[in-house]
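Here are my notes on this model, as numbered points. Please read them with the structure open.

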Amino acid sequence: MTTPNSTINLSRRAFVGAAALGAAALASGGLETVAPEQAFAAEDAGETYVYTSCPMCNQSVFCGLKGTVQNGKLVRVEGNDQHSKPKPCLKGLTSLQNVYDPNRLLYPLKRTNPKKGLGEDPQWERISWDEALSTIATELNKAKETYGAPSVTFHSGDPKEHLPVFCRVAALFGTPNVSWGGAQCAFAEMLAGILDFGGRTGSLPNADTKVHLQWGSNIAWSMYPQPTAYKGMLDAKKAGCKYIVIDTRLTPTAVQLADIYLQPRPGSDGALALAMGNVIVEEDLYDHDFVENWTEGFDEYKEYVKEFTPEKAEEITWVKADDIRAAARMWAEGGQGTMWVSPHSTTHHSNGVQSTRAIHQLLGLMGYWDREGCNKLAPGITGTDDSSFQLKDVAKELLDQRAGVERWPVWSATSTYYQNNGLLEYIDDGLIHAGVFLGTNLMNFAQTTQIQEAVSTLDFAVGIDIHLNPWTHDYMDMVLPTAVCWERVAPFQTQPTGLIGSQAAMDPAGEAREDWQILLDIGCALGFEEECFNGDLKACMQAYLDAGGSGATVDDVQNALPGVYPLPSAGEWSPKQYEQKGFGTPSGKMEFKSGLLEKLGFEGLAKYEEPHVSPVATPDLFEQYPLILTTGNRVPWYVHSKYRHTPWLNQFMPEPIVNMSHEDAEARGLEEGDMVRIFNQLGEVQFKVHVTNMMHPGNVEILHGWEQANSCLLIDRVFDPISGFPTFKDALCEIEKI
């Protein structure tokens with residue numbers, strides 16, 4: 001897949017050869033197999049180098065990329081060995097193809113056919129940037145004058161690196177209805193940590209860790225925080241760290257790392273965690289000093305977990321009682337432990353936050369917090385606080401006007417963004433009338449056709465994206481082309497020791513502009529020229545650095561490339577800082593019983609509830625649809641719905657597949673490669689069968705984001721009442737051969 005030094009060279013032969021490998025996918029998906037002439041430099045051209053950070057997984061510290069440029073053309077991509085993540089995965093290396101993708105959106109477009117609902121051809125027409133910006137300003141200001149500024153949403157999907165400017169322009173405009181991808185991705189797991197510990201709990205093993213609990217996260221494949229972190233996990237295992245891996249699938253992470261592997265029924269994670277707590281409490285294995293001095297609500301927790309004996313949990317979870325005991329004892333007897341809970345899998349249930357809290361509380365039982373071999377609360381670096389740049393003081397005054405505040409009060413109390421999973425209802429209720437949709441994919445919403453129809457009724461909607469995606473943009477009025485990472489200089493990336501910048505290998509293709517520039521241009525068009533630096537991107541970047549207090553100039557950071565512009569540490573780490581500072585919870589302690597949840601009318605204990613549909617909760621429905629369906633898991637070559645157009649990646653999975661066990665396939669007369677219909681009470685989709693040992697009998701999975709097989713058509717609009725998260729892993733289905 002890659003050369004030994006993790007480099008991909010864009011020769012004509014390599015480009016065409018890679019495209020040929022994906023020919024079946026390209027033919028079925030309607031993509032063009034072309035080798036664009038603009039991709040090739042002269043044979044005798046000299047080489048220069050540029051450096052950027054890969055955004056293809058969209059995490060807080062991206063992997064470092066080094067690009068080779070000949071005659072103004074990017075011809076080779078490899079890792080930057082001076083970056084904190086120097087070895088990008090396959091997705092980062094194939095960013096080369098994004099630059100020359102013949103299907104990119106290159107010019108602003110407006111629809112000429114009025115929106116009339118589903119199935120309408122927009123009849124796109126190319127327009128100038130001047131016309132686009134003037135129209136956007138007119139329409140957004142019209143909505144503001146008619147309904148108020150909060151009637152306009154600034155809706156962010158994936159990527160996330162534009163958020164500082166996104167939030168700034170929204171605050172200037174006066175709307176609090178700003179969203180981010182974490183509303184469906186990571187924030188519910190973070191929220192569980194906030195409720196229990198006052199902050200995020202996830203930590204990977206370090207040199208002193210004796211036992212690590214990996215729950216629901218397949219880091220060997222997942223984008224987060226692979227690939228650098230997974231190597232560290234392998235190194236820790238070689239050094240003697242024991243691994244407990246808990247996942248509904250037998251993943252590569254489990255195969256390579258697990259000393260104990262548990263495979264629970266989807267949605268039963270909370271019961272399993274409480275049963276492990278039962279063993280630790282009943283066998284008196286918990287850390288008395290930490291529990292008695294630094295926790296709140298332990299007595300109630302202790303009483304509640306009595307219900308969850310390993311034998312009772314075996315009935316609920318499919319996991320044998322003796323295996324639960326063995327895992328609990330390994331966790332307790334390790335002495336120095338870390339935990340990583342998936343930011344997605346345990347929270348995409350109707351009781352997801354409480355289940356995830358029950359998992360986190362295993363850390364509290366053992367006092368595995370802020371000491372050697374455990375989750376260390378590292379002080380970080382100075383000079384990166386961009387609150388004033390984002391105008392958070394202005395935005396704070398608007399928070400009570402957010403849509404969904406009453407529906408999801410816990411989310412609203414812990415996040416400055418609005419919970420965008422209610423966008424359908426916000427539009428239907430007349431709260432949202434217009435919007436800027438950057439990197440938004442409407443197929444991420446449960447019951448997609450409903451949200452598509454709702455968006456089509458907005459007075460005005462503009463999308464910003466790399467591609468023109470019919471499943472999203474057909475329901476909007478305008479689409480603007482954005483640059484890829486090799487065509488932009490913003491933003492900066494935070495590293496463990498400072499900031500690292502980005503360099504553009506070339507000007508954006510066509511009339512595309514980078515995200516930060518587009519947002520500045522919109523802000524200026526709305527009348528905030530001075531606050532948006534008159535559209536000057538470098539001035540904006542300098543203001544961002546100044547707000548953080550780094551003392552650096554844009555040139556300082558750029559001149560430090562390929563290395564990091566150093567910033568001082570915010571302090572030295574010392575163990576058990578909670579003894580001086582306490583925890584960021586209402587009680588100042590780790591909370592088995594959440595004071596914030598009780599204050600807002602919710603159950604304070606992390607109590608277990610069945611998923612809203614399951615073999616136990618809805619037996620009649622289960623009789624009709626006897627397979628548990630999970631959606632949204634990861635593979636190494638895609639991120640959510642992205643990169644299915646990229647030939648070097650598309651070749652690995654050219655069409656949608658359903659993963660199912662040998663037993664379930666045989667019971668239905670199915671074989672590898674059969675086309676099947678997957679259906680339930682909500683809808684039907686078609687996938688190709690993949691028979692695998694990964695899946696427990698009775699559980700099947702499909703990936704999300706396939707236009708021709710949209711998994712969200714099978715997902716109900718039921719949400720976790722604490723986080724507002726969709727129930728992407730609460731579904732039942734049946735499968736039949738076509």
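1. Lining of the largest cavity. In this predicted model, the residues lining the largest cavity divide into 14 polar, 6 nonpolar and 5 charged. The lining counts 25 residues in total. Gly216, Ser342, Ser345, Asn633 and Lys729 are the ones nearest the cavity centre. The volume is about 300 Å³. The model holds 7 cavities of 30 Å³ or more.

2. Where that cavity sits. Which domains supply its lining? Domain 2 (201-377) and domain 3 (619-737) each give at least three residues to the lining of the largest cavity. The C-alpha centres of domain 2 and domain 3 are 26 Å apart. The contact between them draws on 21 residues of domain 2 and 27 residues of domain 3.

3. Domain bounds. The assignment splits the chain into three parts. Domain 1 is given as 109-186 + 382-499 + 508-566. Domain 2 covers 201-377, and domain 3 covers 619-737.

4. The nonpolar core. The largest nonpolar core has 90 residues. Leu140, Phe154 and Leu480 make the most contacts inside it. Helix α6 (residues 163-173) gives the largest share of this core, with 9 residues. Why does the core lie between domain 1 and domain 3? Both domains give residues to the core, so it lies between them.

5. Leu480 up close. Beyond its sequence neighbours within four places, Leu480 contacts Leu105, Pro108, Trp129, Ala132 and Ile136. Its other contacts are Val462, Gly463, Ile464, Asp465 and Ile518.

6. Helix α19. Which residues of α19 (residues 448-456) are buried? They are Thr448, Ile451, Gln452, Ala454, Val455 and Ser456. An α-helix has 3.6 residues a turn, so residues three or four places apart point the same way. The buried residues of α19 pack against α18 (423-428) and α20 (470-473).

7. Cis peptide bonds. Please check two of them. The bond from Ala490 to Pro491 is cis, with omega near 5°. Pro491 sits in the loop between β15 (478-481) and β16 (493-495). Leu561 and Pro562 are also joined by a cis peptide bond, with omega about 5°. Pro562 belongs to the loop between α23 (554-559) and β18 (565-566).

8. Positive phi at Asp284. Asp284 is not a glycine, yet its phi is positive, near 55°. The residue is in the loop between α10 (269-282) and α11 (288-294). Is Asp284 buried or partly exposed? Its relative accessibility is 46%, so Asp284 counts as partly exposed.

9. Positive phi at His640. His640 is a residue other than glycine with a positive phi, near 55°. It lies in the loop between β20 (627-631) and α27 (647-650). His640 counts as buried because its relative accessibility is 17%, under the 20% cut-off.

10. Gln401. This residue falls in the loop between α16 (392-396) and α17 (409-414). Gln401 is partly exposed, at a relative accessible area of 42%. What does Gln401 touch, not counting residues up to four places away in sequence? Its contacts are Pro150, Pro176 and Asn177. Gln401 and Ala327 are 74 residues apart in sequence. In space, C-alpha to C-alpha, Gln401 and Ala327 are 46 Å apart.

Technical notes: Residues are numbered from 1 along each chain as its sequence is written. This is a predicted model: local features need pLDDT of at least 70, side-chain atom pairs count only at pLDDT 80 or more; totals for chains, interfaces and linings use all residues. Side-chain values use heavy atoms; hydrogens and water are left out. Helices (H or I, at least four residues) and strands (E, at least two) are DSSP runs, numbered from the N terminus. Buried means under 20% relative accessible area, exposed over 50%, partly exposed in between (1.4 Å probe, protein chains only). Contact means heavy atoms within 4.5 Å. On a 1 Å grid over the protein atoms alone, a cavity is a set of points where a 1.4 Å probe fits but cannot get out, and a pocket is an open set with protein on both sides within 12 Å along at least five of seven lines; lining residues have an atom within 4 Å of a point. Grid points are joined across faces, edges and corners, and a volume is the space filled by probe spheres set on the points. Ala, Val, Leu, Ile, Met, Phe, Trp, Tyr, Cys and Pro count as nonpolar, Asp, Glu, Lys and Arg as charged, and the others, Gly among them, as polar. Domain bounds come from an automatic or database domain assignment. A nonpolar core is a set of buried Ala, Val, Leu, Ile, Met, Phe, Trp, Tyr and Cys residues joined through side-chain atoms within 4.5 Å.
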